[in-house]
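Here is a friendly walk through a few helices and loops. Please have the sequence and the model at hand as you read.

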Amino acid sequence: MFCPAFSLLQDLLLHCRLNPNEVFYSLLDCFYRCGFKSSLGFDLLIQSYVENKRVFDGVSILRLTRKHGLVPEVRTLSGLLSGLVRVRQFGLVLELFDEVENDGLMKADSYVYSAVIRSLCELKDVIKAKKMIDKLESDGCEMSVVVYNTLIDGLCKNQRVFEAVEVKNGLLQKGLTADVVTYCTLLLGLCRVEEFEIGIELINEMVEFGFVPSISALSGIVEGLRKKGKVGKALHLVNKVGKLGRAPNLFVYNALINALCKDGKFNEAELLFNEMRGKSLNPNEITYSILIDSFSRRGEMDIALDFLSKMFDSGVKVTFYPCNSIINGYCKLGDLNMAESFFDEMISKGLKPTVATYTSLINGYCDEGELPEAFRLYHEMTGKGIAPNSYTYTSLISGLFRANRILEAVNFFDEMVNKSITPNEVTYNVMIEGHCKDGNISKAFELFHEMVKRGLVPDTYTYRPLISGLCSTGRMTEAKIFLDNLYKQNKKLNEFCYSAILHGYCKEGRLTDALSVCREMSERGMDIDLVCYSVLIDGTLQQHDGKRFLGLLKKVHDHGLKPDNVIYTSMIDANSKTGNFKDAFGIWDRMISENCVPNVVTFTALINGLCKNGFPEKAEIFLKKMLVSNSLPNHITYGCFLDQLTKDGNMERAMELHNTMLKGLLANTVTYNIVIRGFCKLGKFREASGLLEEMTTSGIFPDCITYSTLIFEYCRRGFLPEAMKLWDSMLNKGVIPDTLAYKFLIYGCCIMGEIKKAFELRDDMIRRGVKPNPVTYNVLGHEICTNNLSFMTGK
């Protein structure tokens, strides 16, 4: 009859919103009139209120029941207390328990005590909770593991995990055995205090007793180990528990796969991916995105594309996020054709590109110096209504600075700010470095202060160009003061910041100051790395300071470092330039013996020295060695031979080499200038002018040196009209003349008697901000004196 009665009460409470007092007294009246011997109906009423989430009404009924001398069952009390715990009425639990215990009519069971102990723990009165258990034990009350599990849970939530472990360890002495709830509660508690190693021990103990940890407990320990960098232990634990049929949740698997990929353990990441699929745990978009991004960053595009294909096949919704990773991967490899091809393919599949997609492509083109393509994509993006972000602008600003288009870069930065797109740290770093390389140090520092005022945090990428900029403009004292102030302000500095100031001192020949900075580095706890040693060694070689050079080499070895390509190349280059090939070849042999493979710079340094010192045949032997190695010659390498051939007047062979370079896309403005200079020296203006025309048709732009070389030869031979025509052509093409170009043309005007034109050029020079040098003034002064003398003598 229990079930129909309970069901009837449920219906009455659901449809008749009667006051609990009215219900109680109606039931009590019925109880007396019918002469019921059992008060079970009142228990059912209390349980119905609890079931209907009217736990406070249940409390009222309990109190009325006891007031009229009726004693509810203990399970009714435990159910009511559990209901109060669920709504976090811990104080009321304790109050009700005290009322019941004081009248002595009911004997509490383990579930009642569990609710009371839980309430005490939640109210952070763990000491009272423990005292209650001690009293129960001393009174000889029958205890179950449920009560102790409640205490263990309370201790864990109050960060007293080790006390909780002691409670678990003492269960055997009480004739009780820890169950799966005991262990999982402790595991979650250990996660809270980040004691993951103890968690592993506890899981091992569980497995020995035949228990399997819950998904949440296992996931907590595995994720904790991963965050602590103990990915190997986390993986071992997953494999161990996996044999018992238990696996972490998808979130933990994704985190583990991500950690393995970051550690470069791609094979293990793939195995884990396959394992989760074998356990019917379906990888989601995040799983695939992690793997695609990781392999794309590594340049393994085939594997990344394979995972994208699996993603499509598995029915997981594909967004442009993983596609952005693939595009970015192709861009990093410099394969922009494949990047754009993949981009078009994804659009054809109905995927919508994001600002990140376009920014990856824009950044790729900027890195390759293809600014027209970068801006084409920028305009395409904005035309589709996709707003550029700070990263888009930063990529374009960086590209413009690298192309030496300073004014456009500055304008683009201003446009960004005017559109309320906030520049980030990287944007400011790019701007600061760009202005420093342009020599505008005051503007760079202005941006630095603006960056700080905006609340952005400068880093080593900010400090290094500022230090280098000060050094490159000869302001070494300011650079050193700036560095020292950063140190005093506890700013994070690295070896690159110090190497910048070392380079500045070495460039000025101030080796003593450079070595003093090294001592400061050691005192400040900074390691002197190979980059710093390379700068110092190069400085000693430039100063021909053999004693310090050997001392630095010894320090390199004493610090357990091995000279790298940069150091060996510096030593080879220094000896080659002075014609000391015995030492240069000796260093070369030592470099090979220490398994340090010469690169294109090393080969080129030696080839350059041999060519300049009149040993072209030996240089060709090293070129052949270079061709059979993995270091392919570049335009600088071939330029060494080109320079030697033109100096020897061997223009036939020079042109053969030039044409070969042109076919191999190695010819550039510098190599053209070398050949033009060679023809000019031989007076072959037609050939030199022909090369100037060829440059533009080959997509190679002449620079100021190109025009200056031809203008000088025209002026030297008295062909002023041709020189002036070439000058106008240079200006029309936007090439800005330098001091040397002005000097050549002013000299040409003077020797041809065009004094007025010479002074007009001088004025134009000053107007453009190009400072005339003493030679220019001497030429003009000499002509004025000559003309005055001619006028006075009547000649």
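At what angle do helix α15 and helix α17 pack, and how far apart are their axes? Before the answer, a word on the source: this is a predicted model, in which local features need pLDDT of at least 70 and side-chain atom pairs count only at pLDDT 80 or more, while totals for chains, interfaces and linings use all residues. Residues are numbered from 1 along each chain as its sequence is written, and side-chain values use heavy atoms, with hydrogens and water left out.

Helix α15 (residues 250-262) and helix α17 (residues 285-297) pack at an angle of about 5 degrees, and their axes are 9 Å apart. Here axes are lines fitted to C-alpha atoms, for helices over the stretch in contact, and angles run from 0 to 180 degrees between N-to-C directions. Helices are DSSP runs (H or I, at least four residues), numbered from the N terminus. The pair α15 and α17 is therefore roughly parallel, a term for angles under 35 degrees. On the α15 side, the contact (heavy atoms within 4.5 Å) is made by Leu250, Asn254, Ile257, Asn258 and Cys261, and on the α17 side by Ile286, Thr287, Ile290, Leu291 and Ser294.

Now to helix α30 (residues 511-523). Its 13 residues should span 18 Å at 1.5 Å a residue, and the end C-alpha atoms are 19 Å apart, which agrees; the expected span is 1.5 Å times one less than the number of residues. Leu511, Ala514, Val517, Cys518 and Met521 are the buried residues of α30, where buried means under 20% relative accessible area and exposed over 50% (1.4 Å probe, protein chains only). These buried residues cover an arc of only 115 degrees around the axis, which puts them on the same side of α30; the arc is that of the directions from the helix axis to the C-beta atoms. Arg519 and Glu523 are exposed on the other side of α30. The cover over the buried residues of α30 includes α28 (476-488), α29 (495-507), α31 (530-542) and α32 (546-558).

Which residues take a positive phi? The table lists some.

| Residue | Phi | Place |
|---|---|---|
| Arginine 88 | near 60 degrees | loop between α5 (74-86) and α6 (90-103) |
| Asparagine 404 | near 65 degrees | loop between α23 (390-402) and α24 (406-418) |
| Glycine 525 | about 75 degrees | just after α30 |
| Glycine 769 | about 85 degrees | just after α44 |

Most residues other than glycine have a negative phi. Arginine 88 is exposed, with a relative accessible area of 51%, and asparagine 404 is exposed at 57%.

Note on methods: Helix = DSSP H or I, 4+ residues; strand = E, 2+ residues; numbered from the N terminus. Parallel < 35°, antiparallel > 145°, perpendicular 65-115°, else oblique.
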